[in-house]
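Me: I am new to this structure and would like to understand the terms used for the ligand and its surroundings. Could we go through them one at a time?

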Amino acid sequence: MKKTLALALAVVMSLGLLAGCGGKETKDPANNGGSSSGGSSQSQQGGGSDASDPTIPEGGTVGVCIYKFDDAFMTTYRNSLQEILESKGYKVTVVDGNNDQAKQNEQINTFITQKVDALIINPVMTSAADQIIDTVKNAGIPTVLINREPTAEQMSAYDKLVYVGCNAAQSGTFQGELILETANQGDINGDGVINYIMIQGDPENIDAQLRTEYSVKALTDAGKEVKQLNLTRGDWDRNRGQEIAANDLAQFGDQIEVIFCNNDDMAIGALQAIKQAGRTVNKDIYLVGVDALAAALEEVKNGNMTGTVLNDAVGQATAAVAEMEKLLGGATYASGEQSVYVDYVKVTPENVGDFMK
Ligand code: BGC
């Protein structure tokens with residue numbers, strides 16, 4: 001019974017995904033900065049072959065590896081994954097990699113020894129993708145990679161492997177648009193140049209690279225002159241965001257018109273520093289993040305953040321489970337069609353209420 005139900009759900013979800021995008025075209029995230037319209041639909045560039053002889057295990061076991069539990073966004077994501085998987089009757093074990101790739105490798109090996117039916121892995125380091133893919137391929141375990149995207153070439157080594165995530169360029173573009181939509185288009189002192197600092201996530205991560213690039217590109221594409229006063233890695237961390245913003249505010253003072261943060265946790269840290277420096281968001285400085293964490297939505301609503309971008313944890317968790325079920329049903333993925341993207345959505349003071357629970 002459960003088997004039939006799970007299959008029906010998997011089929012309905014895959015049909016829904018395909019209907020939402022109308023094709024299997026593969027996009028290169030680096031060449032697609034997104035549009036300003038946003039939307040909560042999912043787009044799919046993968047899809048897998050037909051799961052004609054599905055064998056979804058009764059009470060199947062799933063091992064979930066998270067790069068570290070102490071990450072605000074990944075906490076929402078993993079809770080959502082666990083909830084969805086358990087509601088479908090899977091036995092789920094979620095493990096904390098503690099930001100240590102060697103530790104995560106051991107965890108993957110342990111899951112393999114335990115003969116889990118499927119793996120969902122948020123790699124600690126994108127550079128470890130080859131090794132991870134090799135390991136799961138040798139064990140023959142269907143695997144969904146999440147949040148840290150390997151290259152299409154790396155993924156092509158294993159046809160029972162799919163990546164679920166977002167097109168990070170789109171989130172960067174939305175951040176730039178949030179600044180362009182302000183009263184003075186980011187140029188608070190009216191000197192014709194937008195002076196900004198960039199607080200970056202982990203630079204090894206493509207999300208950090210593309211958000212850094214595309215947020216500024218949206219400004220220059222709109223014909224704006226920009227000046228980067230500083231760029232510092234904050235490793236996605238709130239305390240680092242605060243420290244970096246405090247240092248930069250001390251060094252550059254009123255010159256800073258915009259603070260771009262690659263994620264909300266660092267933006268919330270930066271906001272503390274902004275307040276301590278006696279500056280006021282949306283009056284004498286702009287501040288944007290990505291993720292739409294509950295705390296950031298609150299700050300956007302109260303006018304303490306200029307805006308953020310929804311990084312849809314629930315949407316990605318839902319898509320990850322749907323892809324896992326396709327793999328369990330026997331689907332395989334052709335090279336170049338192994339990435340499934342969920343849309344980002346721009347969050348402004350006008351629409352923030354739509355995202356608050
Ligand atoms: C999120 C960050 C998170 C990172 C973890 C990004 O997509 O925006 O908040 O720290 O993923 O890899």
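Reply: Let us start with what it takes to be near a molecule: a residue counts if one of its heavy atoms lies within 4 Å of that molecule. The model shown here is predicted.

Me: Which residues are around the ligand?

Reply: With that cut-off of 4 Å, the residues around the ligand are Tyr67, Asp71, Phe73, Asn147, Arg148, Asn205, Asp207, Arg211, Trp236, Asn263, Asp291 and Asn311. This shell divides into three nonpolar, four polar and five charged residues, and at least three of its residues come from each of domain 1 (2-166 + 311-344) and domain 2 (168-310).

Me: What makes the approach of the side chain of Asp291 to the ligand a polar contact?

Reply: A pair of N or O atoms has to lie within 3.5 Å, and an oxygen atom of the ligand is 2.5 Å from an N or O atom in the side chain of Asp291, so the pair meets the cut-off for a polar contact. The side chain of Asp207 likewise has an N or O atom 2.6 Å from a ligand oxygen, and for the side chain of Arg211 the distance is 2.8 Å. As for cover, the ligand on its own has 310 Å² of accessible area, and the protein covers 99% of that.

Me: Why is the ligand said to sit in the largest cavity?

Reply: A molecule sits in a cavity if more than half of its atoms lie within 2 Å of the cavity's grid points, and the ligand is assigned to the largest cavity on that basis. About 100 Å³ of space lies in this cavity, and its lining consists of 13 residues, with Asp71, Phe73, Asn147, Asp207 and Trp236 nearest its centre.

Notes. Residues are numbered from 1 along each chain as its sequence is written. This is a predicted model: local features need pLDDT of at least 70, side-chain atom pairs count only at pLDDT 80 or more; totals for chains, interfaces and linings use all residues. Side-chain values use heavy atoms; hydrogens and water are left out. A polar contact is a pair of N or O atoms within 3.5 Å; within protein, one must be able to donate a hydrogen and the other to accept it, and residues adjacent in sequence count only if both atoms are side-chain atoms. Accessible areas come from the Shrake-Rupley method with a 1.4 Å probe; for residues, only the protein chains shown count as cover. On a 1 Å grid over the protein atoms alone, a cavity is a set of points where a 1.4 Å probe fits but cannot get out, and a pocket is an open set with protein on both sides within 12 Å along at least five of seven lines; lining residues have an atom within 4 Å of a point. Ala, Val, Leu, Ile, Met, Phe, Trp, Tyr, Cys and Pro count as nonpolar, Asp, Glu, Lys and Arg as charged, and the others, Gly among them, as polar. Domain bounds come from an automatic or database domain assignment. Grid points are joined across faces, edges and corners, and a volume is the space filled by probe spheres set on the points.
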